[in-house]
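Thanks for coming, everyone. Let me put the structure up, and then we'll walk through it.

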Amino acid sequence: TEIYTLSLHDALPIWQSASNYLKSGKLDKAVEAINTCVQDASTSRDAKSWMLRGHIYLEIYDSKIDAFKALDADPVPKALESYKNAVSFDPKKEYYDEIFAKVNWMSDQYYNKAVDNYNNKDFKSAMENFGRSADVLEIVNFKDTTSLLNAAACATLADEKESAIVYYKKLINANYKTANLFVSMSDTYRQLNDSANALAAVRQGQKEFPADNRLFLAETNIYLTFNDTEKALKNLRQALVQDPENYTVAFALGTIHDNIANDNTKPAEVRSEAFNSAVEAYKNSLKIKPDYFDGCYNLGALYVNKAAGKLDEANNLPVDATEKYEKLTGEANELLGLALPYLEKASELQPADLNTLFSLKQIYTRTHQNDKAKMIQEKINEIQK
């Protein structure tokens, strides 16, 4: 009987020579052997072959030898493509752990670069490298929400709104869902003047977190941005019912009514009603938080603006309209008197706020409190100096 023998070369897997070259550090021969291997019909769908190709190109990337560095100007994409193919051709996950270790190492390289970029305030590069860190781990079906969150944050800092949206969507697809994420995504769409998607993001968030007030406020911001005042007011009232101790919601209600009260295109009756509603809302915000500067300042300014309107009207009267003049100026002085305690409180809370000081000086001068007006002017001079 004739005996047939196989040479050692014939018995070895086709990728073995590439593996041997890699182990011995002969990267030039390794890359040539492995590329021949993956182009061979018998091994073009072989997970081991593709994994080795990934290892070889990563070694080229990490090599300190110029001759090996010169083998490929951009070896990382080839390494990652190889690992991606290896995973797809390895349904039993025979090589998963080995591939994961390599991919995780590459992810760390990108992450560390991103941190350096961030520390140097190069937010766009930080965004890109955090994004790459997450993308690399996607090869092994691992969702890196930390890198994605960092990428989204850096996109915002870099004013890369479209990119921020991409990262928000990736986070949602990775099942990372928080009310704040939906608020941020909605707000980014709003800044892009995309009202439909801004509302869609809020609606999606409300479905996940129906009781979270931040989503109602995000929805309100959309309505305000796109001039749907009635819906904004409805939302804020609903939010205040759900959270009656939220002074910022009460304040926001006040600002909307305040804007209507100061809108000269509105009928006098509408403006008067809005003025009363603004007063009520601002007072409510201060009832909840008495040391709230914005509430104090806005309520004081609301009275001052109303007084200024009456003084303008009085000054435009005919010379002989004495009775009407005295009535209007009396009402203006009464309004300034109502403004005074709120503006004084605001100045106590933020002593260096110039707008408050200018308003106080105006009231003191108007009401002949000259010593106080002088004292305020000295404060203004000191701050401006």
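Where is Asn175 found? Asn175 sits in the loop that links helix H10, residues 161-173, to helix H11, residues 179-191. A reminder before I go on: this is a predicted model. Phi of Asn175 is near 65°, which is positive, and the residue is not a glycine. Is Asn175 buried or exposed? Its relative accessibility is 59%, and exposed means over 50%, so Asn175 counts as exposed.

Now a second asparagine. Asn227 has a phi near 60°, again a positive value in a residue other than glycine. Asn227 belongs to the loop between helix H13, residues 213-225, and helix H14. Its relative accessible area is 66%, so Asn227 is exposed.

Back to H11 for a moment. Thr188 has its place in that helix. At 8% relative accessibility, Thr188 counts as buried, because the cut-off for buried is under 20%. Which residues does Thr188 touch, beyond those up to four places away in sequence? They are Lys161, Ala164, Ile165 and Tyr168.

Next, H14. Asn235 is found in this helix. Its relative accessible area is 6%, so this asparagine is buried. Which side chain does the side chain of Asn235 join in a polar contact of 3.0 Å? The partner is Glu219. Glu219 also appears in the contact list of Asn235, with Phe216, Thr220 and Tyr223; neighbours within four places in sequence are left aside.

Let me jump towards the start of the chain. Trp50 is found in helix H4, residues 47-62. Is Trp50 buried or exposed? Trp50 has a relative accessible area of 10%, so it is buried. The helix around it follows suit: 13 of the 16 residues of H4 are buried, so "mostly covered" is a fair label. Does the length of H4 add up? Here is what the numbers say. At 1.5 Å a residue, the 16 residues should span 22 Å, and the end C-alpha atoms are 23 Å apart, which agrees.

What does Trp50 contact, leaving aside neighbours within four places in sequence? The list is Val38, Ser44, Arg45, Ser82, Asn85, Ala86 and Phe89. Ser44 deserves a second look. The Trp50 side chain reaches the backbone oxygen of Ser44 at 2.8 Å. One long-range number for orientation: Trp50 and Asn173 are 123 residues apart along the chain, and their C-alpha atoms are separated by 28 Å.

On to helix H15. Ile260 lies there. Ile260 has a relative accessible area of 16%, which means it is buried. How far apart in space are Ile260 and Ala274, C-alpha to C-alpha? The distance is 6.1 Å, with their positions 14 residues apart in sequence. Ala274 is also one of the residues that Ile260 touches, and Thr229, Lys266, Val270 and Arg271 are the others, not counting residues up to four places away in sequence.

That brings us to the pockets. Rolling a probe the size of a water molecule over the atoms shows where empty space is left.

The largest pocket has a volume of about 290 Å³. Helix H16, residues 268-288, and helix H17, residues 293-315, are the elements that give two or more residues to its lining. How many residues line the largest pocket? There are 13, and those nearest its centre are Ala261, Arg271, Asn305, Lys306 and Gly309. H17 gives the most to this lining, with six residues. By type, the lining has four nonpolar, five polar and four charged residues.

The second largest pocket holds about 210 Å³ of space. Which helices each supply at least two residues of its lining? They are H14, residues 229-242, H15, residues 247-261, and H16. H16 gives the most here, with four residues. The lining is made of Arg237, Leu240, Ala250, Leu253, His257, Ser277, Glu280, Ala281 and Asn284. Sorted by type, that is four nonpolar, three polar and two charged.

To close, keep H16 in view: this helix contributes to the lining of the largest pocket, and to that of the second largest pocket. That's my tour. Happy to rotate the view for anyone.

Key
Residues are numbered from 1 along each chain as its sequence is written. This is a predicted model: local features need pLDDT of at least 70, side-chain atom pairs count only at pLDDT 80 or more; totals for chains, interfaces and linings use all residues. Side-chain values use heavy atoms; hydrogens and water are left out. On a 1 Å grid over the protein atoms alone, a cavity is a set of points where a 1.4 Å probe fits but cannot get out, and a pocket is an open set with protein on both sides within 12 Å along at least five of seven lines; lining residues have an atom within 4 Å of a point. Grid points are joined across faces, edges and corners, and a volume is the space filled by probe spheres set on the points. Ala, Val, Leu, Ile, Met, Phe, Trp, Tyr, Cys and Pro count as nonpolar, Asp, Glu, Lys and Arg as charged, and the others, Gly among them, as polar. Buried means under 20% relative accessible area, exposed over 50%, partly exposed in between (1.4 Å probe, protein chains only). Contact means heavy atoms within 4.5 Å. A polar contact is a pair of N or O atoms within 3.5 Å; within protein, one must be able to donate a hydrogen and the other to accept it, and residues adjacent in sequence count only if both atoms are side-chain atoms. The expected span of a helix is 1.5 Å times one less than its number of residues.
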